[in-house]
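Please look over the sequence and the structure shown below, and then follow the account of how parts of the chain meet one another.

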Amino acid sequence: MAAAGRVFQFKLVLLGDSAVGKSSLVLRFVRGQFFEYQESTIGAAFLTQTVALNDTTVKFEIWDTAGQERYHSLAPMYYRGAAAAIVVYDITNRDTFQRAKQWVKELQRQGNPNIVIALSGNKSDLASKRKVEPEEAESYANDNGIFFMETSAKTAANVNELFVAIARKLPKNSPQARPGGGQGLVNVTQGAPPAEKKGCC
């Protein structure tokens, strides 16, 4: 039972096109809320939430990034040093799936080499309008060593399950696992390889 008190902090980033539902997923997970009209994120929003596993607690430091193209150049600042990433697309919009593939490629090329990547096909409540079949996304995920789940921020389907699955996959003995209860300020670059720390913040 002694192990139950261990708390590990991990930086998690959400990436994907504008209006695919990244902010809605985070709000549903962190606050249990859903708003039909969610304002676009400017830059990035920061939230925290914990997941209790059998023997440990995982505290996520969640960076919800803006999806608009003009903010793309800021993305590396948020995914640098991240232990996990959720790449989100809208199942009713094929372009967002193609864009999600580009994000996965970028993360695999420039992110933390041990990053846990999840592909989230969001808006599963609109399955009658789908343009991306789950089998296609599953096949892509398997081919690229990531895992896939369809979610609905609106109905909460698979939202908690997605974050719990990530929490289970994160190695608790990696440099990104920072023991502690999370008091005080969070240093978001902690855990990034030194070679990547160049320039300002």
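Is Arg94 buried, partly exposed or exposed? In this model, which is predicted, Arg94 has a relative accessible area of 32% and is therefore partly exposed, since that class lies between the limits of 20% for buried and 50% for exposed. Its partner in a salt bridge is Glu136, with 2.4 Å from N to O between the two side chains. Glu136 falls into the partly exposed class as well, its relative accessible area being 31%. The pair ties together distant parts of the chain, because Arg94 belongs to helix H3 and Glu136 to helix H4 (residues 134-143), with their positions 42 residues apart in the numbering.

Helix H3, which spans residues 94-110, also carries Arg99, and the side chain of Arg99 meets that of Asp17 in a salt bridge at 3.6 Å, N to O. Asp17 sits in the loop between strand S1 (6-16) and H1, so that this pair, too, links distant parts of the chain, 82 residues apart. Here both partners, Asp17 and Arg99, are buried. The contact does not stand alone, for salt bridges that share partners join Asp17, Glu69 and Arg99 into one network.

A further salt bridge is formed by Arg130 and Glu150, whose closest N and O atoms are 2.8 Å apart. Arg130 lies in the loop between strand S5 (116-122) and H4, whereas Glu150 is part of strand S6 (residues 147-150), and the two are 20 residues apart in distant parts of the chain. Glu150 has a relative accessible area of 13% and is therefore buried, the limit for that class being under 20%. In total, the structure holds six salt bridges, among them the pairs Asp17 with Arg99, Glu136 with Arg94 and Arg130 with Glu150.

The packing of two helices can be followed next. Helix H1 (residues 22-31) packs with helix H5 (residues 159-169) at an angle of about 85°, and their axes are 9 Å apart. Because angles of 65 to 115 degrees count as roughly perpendicular, H1 and H5 are described as roughly perpendicular to each other. On the side of H1 the residues that meet the other helix are Leu25, Arg28 and Phe29, and on the side of H5 they are Val159, Asn160 and Phe163. Sorted by class, this contact has four nonpolar residues, one polar and one charged.

Key: Residues numbered from 1 in each chain as written. Predicted model: local features only at pLDDT ≥ 70, side-chain atom pairs only at ≥ 80, totals over all residues. Heavy atoms only, no water. Axes fitted to C-alpha atoms, helices over the stretch in contact; angles between N-to-C directions. Helix = DSSP H or I, 4+ residues; strand = E, 2+ residues; numbered from the N terminus. Parallel < 35°, antiparallel > 145°, perpendicular 65-115°, else oblique. Contact = heavy atoms within 4.5 Å. Nonpolar A, V, L, I, M, F, W, Y, C, P; charged D, E, K, R; others polar. Salt bridge = Lys/Arg side-chain N within 4 Å of Asp/Glu carboxyl O. Buried < 20%, exposed > 50% of the residue type's maximum accessible area, 1.4 Å probe, protein only.
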